[in-house]
Amino acid sequence: QFELIEHYNPGLSDGQIYDLNITYSDSAGNKGEDIKLSRLNYDSGPPTLVVLFPAENSFMKENRLEVLLSESIQNLTIEHSGSDYNLNVMNIDTLIRSKKIDWDGFFNQFSVRDGIPFDIRLKATDMAGNESDFIEVRNITIDDTPPEITFSLPKSRTVLNRLQPTIITSEELGEAELTITPNKGSPESFQLSENQLEAGTQKLEEYSLSFDDNIAFTMQIKGRDLAGNESESNKLEYLRFDRRKPELLLTNPAENSLINNLSIEFENTENLSKAALVLIAEVSQDSIEIGLIDDYLTKGSKNLKDRLEFKGLEEDSEYEIAIWGMDHAGNASDTSRIHGLRFDYSSPDLSIDYPESNTFIKDKTLTYSLSENLKGGSINITWVGGIPDSVRNYTIDLTENQLLFGTNKKLLLDSDYPIVSGGIYKFALQGSDIAGNVSLPATIENIHFD
């Protein structure tokens with residue numbers, strides 16, 4: 001038995017079909033019967049394989065293998081491996097004449113897991129026994145789970161002064177689109193940029209929208225992962241814009257006022273999320289900040305008399321009052337200020353210098369002293385005995401000049417009502433200073449007019 005080695009190759013062409021005829025004779029010249037072999041397929045080259053699906057570094061939701069063959073094969077070896085997998089080898093010793101193999105669900109036999117990458121290697125042996133080189137496809141990931149896309153900010157039913165959403169995604173996305181739909185007008189859509197498609201928490205860009213403030217709108221993201229699985233985010237509803245600043249205006253006290261309480265009044269144009277009132281000493285710049293709460297944060301006119309106390313405020317020092325606030329959309333107001341306030345919470349001292357109690361007088365005048373300028377004051381005259389007085393009780397309001405600091409002499413007492421000669425009277429002087437502090441009454445008793 002002999003084997004013709006390659007040295008006897010008569011120049012056959014690879015891939016061609018030949019007929020082989022062998023003639024022979026023995027040493028005596030006797031011819032034997034010809035040996036004829038028909039349609040021999042001459043194949044001296046290895047088969048080639050091309051993996052059409054999946055591709056290297058790919059995510060796929062279709063669990064299948066698609067391979068293109070250059071020729072019929074008698075054996076196919078497939079190796080499956082990965083950092084999280086053991087090596088698995090499959091030998092398929094079956095004649096495969098098809099030039100294209102498409103196995104649906106092929107990777108199930110390797111127990112591949114969702115989201116865990118793996119590699120494959122393939123080698124084929126053709127009908128002539130020629131073996132191909134291994135071809136390798138690396139970093140394949142089967143992913144048949146839709147991505148999770150969630151808005152972490154803003155929340156539904158939120159008032160905004162700008163739109164810059166924050167999202168959380170469970171995996172990297174291939175593409176995604178944000179759609180904003182107002183209840184009046186047309187939807188507006190925005191494609192997420194490449195860096196916003198990464199897995200984890202992503203702060204999106206600030207979006208400029210064409211519709212006006214106070215128009216409610218919804219917001220949702222639709223996207224697909226790298227394997228093509230599609231998903232929708234949670235839908236945010238009843239969102240609206242408010243890009244106008246709230247207006248806070250201090251209305252009381254007036255600039256350069258002298259006051260004895262913190263009855264501070266202000267106007268507010270809208271409901272607020274927070275606000276603060278600050279008292280600042282204009283020389284030392286020491287400050288006291290008071291956060292406003294509850295009804296003081298609502299729209300309208302407010303009086304802070306019940307909210308504030310005199311703590312750490314010095315008399316005769318000048319203060320500035322400032323107030324500011326922020327609405328629920330995050331818009332901050334301008335600061336409203338009042339300058340030159342001085343606090344005076346000491347009552348004025350008043351005294352009647354003439355006449356003295358238990359005296360007889362013939363002139364109807366009064367001399368008194370004031371420790372400071374008054375805003376208002378009066379003298380009350382009460383008949384207590386002697387010759388009857390039909391009026392019995394009457395009041396003299398002090399005029400502007402009579403309210404000045406110091407001693408005021410010879411105030412005429414009966415300019416409006418005649419005082420009865422022979423009557424006995426009681427006098428009471430009382431007033432309030434510019435800050436509103438009310439004095440104790442200064443009294444004299446048992447004054448006889450004669």
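Trainee: What makes arginine 138 count as partly exposed?

Mentor: Arginine 138 has 39% relative accessibility. Buried means under 20% relative accessible area, exposed means over 50%, and partly exposed is whatever falls in between, with a 1.4 Å probe and protein chains only. So 39% lands in the partly exposed band. One thing up front: this is a predicted model, where local features need pLDDT of at least 70, side-chain atom pairs count only at pLDDT 80 or more, and totals for chains, interfaces and linings use all residues. Residues are numbered from 1 along each chain as its sequence is written, and side-chain values use heavy atoms, with hydrogens and water left out.

Trainee: Arginine 138 has a partner in aspartate 119. Why is their contact called a salt bridge?

Mentor: A salt bridge needs a side-chain nitrogen of Lys or Arg within 4 Å of a carboxyl oxygen of Asp or Glu. For aspartate 119 and arginine 138 the N to O distance is 3.6 Å, so the pair qualifies. Aspartate 119 belongs to strand β9 (residues 118–126) and arginine 138 to strand β10 (residues 135–142), so the bridge ties together parts 19 residues apart in sequence. Strands, by the way, are DSSP runs of E with at least two residues, helices are runs of H or I with at least four, and both are numbered from the N terminus.

Trainee: And what makes aspartate 119 buried?

Mentor: Its relative accessible area is 15%, and that is below the cut-off, so aspartate 119 is called buried.

Trainee: How many salt bridges does the rule give?

Mentor: The count is 16. Lysine 123 with glutamate 131 is one of them, also at 3.6 Å from N to O, and glutamate 131 is partly exposed at 47%. Another is glutamate 206 with arginine 162, whose closest N and O atoms are 3.3 Å apart. Glutamate 206 lies in the loop between β16 (200–203) and β17 (217–225), and arginine 162 in the loop between β12 (159–160) and β13 (166–169), so that bridge ties together parts 44 residues apart in sequence. Glutamate 206 is partly exposed at 45%, and arginine 162 also counts as partly exposed, at 42%. Elsewhere, bridges with shared partners join Glu62, Arg64, Glu66, Lys100 and Asp102 into one network.

Trainee: Back to β9 and β10. How do you know that they pair?

Mentor: Two strands pair if DSSP finds at least two bridges between them. β9 and β10 have four, in the antiparallel sense, so the rule is met. In that pairing, phenylalanine 118 stands opposite isoleucine 140 in β10. Both strands sit in an open sheet of five with mixed pairing, ordered β4-β10-β9-β6-β7.

Trainee: Which strands stand at the edges, and what makes them edges?

Mentor: β4 (59–60) and β7 (85–92) have a single partner strand each, so one side of each lacks a neighbour in the sheet.

Trainee: Why is the pair of phenylalanine 107 and phenylalanine 118 called tilted?

Mentor: Phe, Tyr and Trp rings (for Trp, the six-membered ring) pair if their centres lie within 6.5 Å; planes under 30 degrees apart are stacked, over 60 edge-to-face, and the rest tilted. The structure holds twelve such pairs. In this one the centres are 5.2 Å apart and the planes stand at 50°, so the pair is tilted. Phenylalanine 107 is in the loop between β8 (100–104) and β9, and phenylalanine 118 in strand β9, so the pair ties together parts eleven residues apart. Phenylalanine 107 and phenylalanine 118 are both buried. Phenylalanine 190 and tyrosine 207 are tilted too, since their centres are 4.7 Å apart and their planes at 45°. Phenylalanine 190 sits in strand β15 (residues 188–191) and tyrosine 207 in the loop between β16 and β17, 17 residues away. As for the first pair, phenylalanine 107 and phenylalanine 118 belong to a cluster that ring pairs also link to Tyr85, Trp103, Phe106 and Phe110.

Trainee: What is the chain's radius of gyration, set against a compact globule of 450 residues?

Mentor: The chain has 52 Å, whereas such a globule would be near 22 Å; the radius is taken over C-alpha atoms, and the globule rule is 2.2 Å times the number of residues to the power 0.38. The C-alpha trace spans about 190 × 45 × 30 Å along its principal axes. Inside that outline are 35 strands and zero helices.
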